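Thanks for coming. I have one protein to show today, and I will go through a handful of its residues. Please have a look at the sequence and the structure first.

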Amino acid sequence: MISSEEIEDVIWNGEVIEDYPEDRRGHSCLMLGYGTGRRAVHVVCVPKDEYFAIITAYVPDPEVWSEDFKRRKV
């Protein structure tokens with residue numbers, strides 16, 4: 001479970017690790033931040049002037065992501 005506080009912390013203090021300018025929802029991005037116990041948390045969001053939409057949030061799988069959770073292994 002990822003808390004709303006963790007998601008908010010990623011949004012305010014995390015970093016954009018992937019940018020999706022051609023996404024079907026409009027320009028979106030993947031952010032990395034750290035939640036409870038310093039666990040990595042990814043948040044996919046759509047930052048717009050009018051609103052900020054959160055698409056999904058998840059704990060990245062170490063089998064799929066690099067050790068720092070910034071790059072996909074495949």
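I will start with P60, which sits in the segment after β4. Keep in mind that what you see is a predicted model. Is P60 buried or exposed? At a relative accessibility of 3%, under the 20% cut-off, P60 counts as buried. Leaving out residues up to four places away in sequence, P60 touches A40, V41, H42, W65 and F69. One distance for orientation: from P60 to C45 is 15 Å, C-alpha to C-alpha, with the two positions 15 residues apart in sequence numbering.

Before I go on with those partners, the overall layout. The protein has one helix and four strands, and along the sequence they come in the pattern α-β-β-β-β. The C-alpha trace spans about 35 × 30 × 20 Å along its principal axes. For 74 residues, a compact globule would have a radius of gyration near 11 Å, and the value here is 12 Å, which agrees. Buried residues account for 32% of the 74. If you take contacts between residues at least 6 apart in sequence, 28% of them join residues at least 24 apart.

On the surface, the accessible area comes to about 5000 Å², and carbon and sulfur atoms hold 52% of that. As for charge, there are 9 positive and 15 negative side chains, and the centres of the two sets lie 4 Å apart.

Now back to the partners of P60, beginning with H42. This residue lies in strand β3, residues 40–47. H42 has a relative accessible area of 0%, so it is buried. What does the side chain of H42 reach? It reaches the backbone oxygen of F69, at 2.9 Å. The contact list of H42, leaving aside neighbours within four places in sequence, is I17, L30, M31, L32, T56, A57, Y58, P60, W65 and F69. So P60 and F69 both appear on the H42 list, and H42 and F69 both appear on the P60 list.

F69 itself is in the segment after β4, and β4 covers 52–58. With a relative accessible area of 18%, F69 is buried, since the cut-off is under 20%. The backbone of F69 deserves a look as well: phi is near 65°, a positive value in a residue other than glycine. Most residues other than glycine have a negative phi.

Where else is there a positive phi in a residue that is not a glycine? R38 has one, of about 65°. R38 is found in the loop between β2, residues 28–34, and β3. R38 has a relative accessible area of 61% and is therefore exposed, whereas F69 is buried.

Another contact of H42 is A57, which is found in strand β4. A57 has 25% relative accessibility and so counts as partly exposed. Apart from neighbours within four places in sequence, A57 is in contact with I2, I7, H42 and V43. A57 and R38 are 19 residues apart in sequence, and their C-alpha atoms are 15 Å apart.

Next, a charged residue in a strand: E18, in β1, residues 15–20. Its relative accessible area is 17%, so E18 is buried. The side chains of E18 and Y20 are joined by a polar contact of 2.3 Å. Which residues does E18 contact, neighbours within four places in sequence aside? They are C29, L30, W65 and R72. Two of these names have come up already: L30 and W65 are among the contacts of H42, and W65 is also one of the residues that P60 touches.

Last, a second glutamate, E63. Like P60, E63 is found in the segment after β4. E63 is at 66% relative accessibility and therefore counts as exposed, while E18 is buried. From E63 to V74 there are eleven residues in sequence and 9.6 Å in space, C-alpha to C-alpha.

To put the central part together: H42 in β3 has P60, A57 and F69 among its contacts, and its side chain reaches the backbone oxygen of F69. P60 and F69 are both in the segment after β4, and A57 is in β4 itself. That is what I had to show.

Notes. Residues are numbered from 1 along each chain as its sequence is written. This is a predicted model: local features need pLDDT of at least 70, side-chain atom pairs count only at pLDDT 80 or more; totals for chains, interfaces and linings use all residues. Side-chain values use heavy atoms; hydrogens and water are left out. Helices (H or I, at least four residues) and strands (E, at least two) are DSSP runs, numbered from the N terminus. Buried means under 20% relative accessible area, exposed over 50%, partly exposed in between (1.4 Å probe, protein chains only). A polar contact is a pair of N or O atoms within 3.5 Å; within protein, one must be able to donate a hydrogen and the other to accept it, and residues adjacent in sequence count only if both atoms are side-chain atoms. Contact means heavy atoms within 4.5 Å. The radius of gyration is taken over C-alpha atoms; the globule rule is 2.2 Å times the number of residues to the power 0.38. Accessible areas come from the Shrake-Rupley method with a 1.4 Å probe; for residues, only the protein chains shown count as cover. Lys and Arg count as positive and Asp and Glu as negative; His and the chain ends are not counted. The place of a charge is taken as NZ of Lys, CZ of Arg, CG of Asp or CD of Glu.
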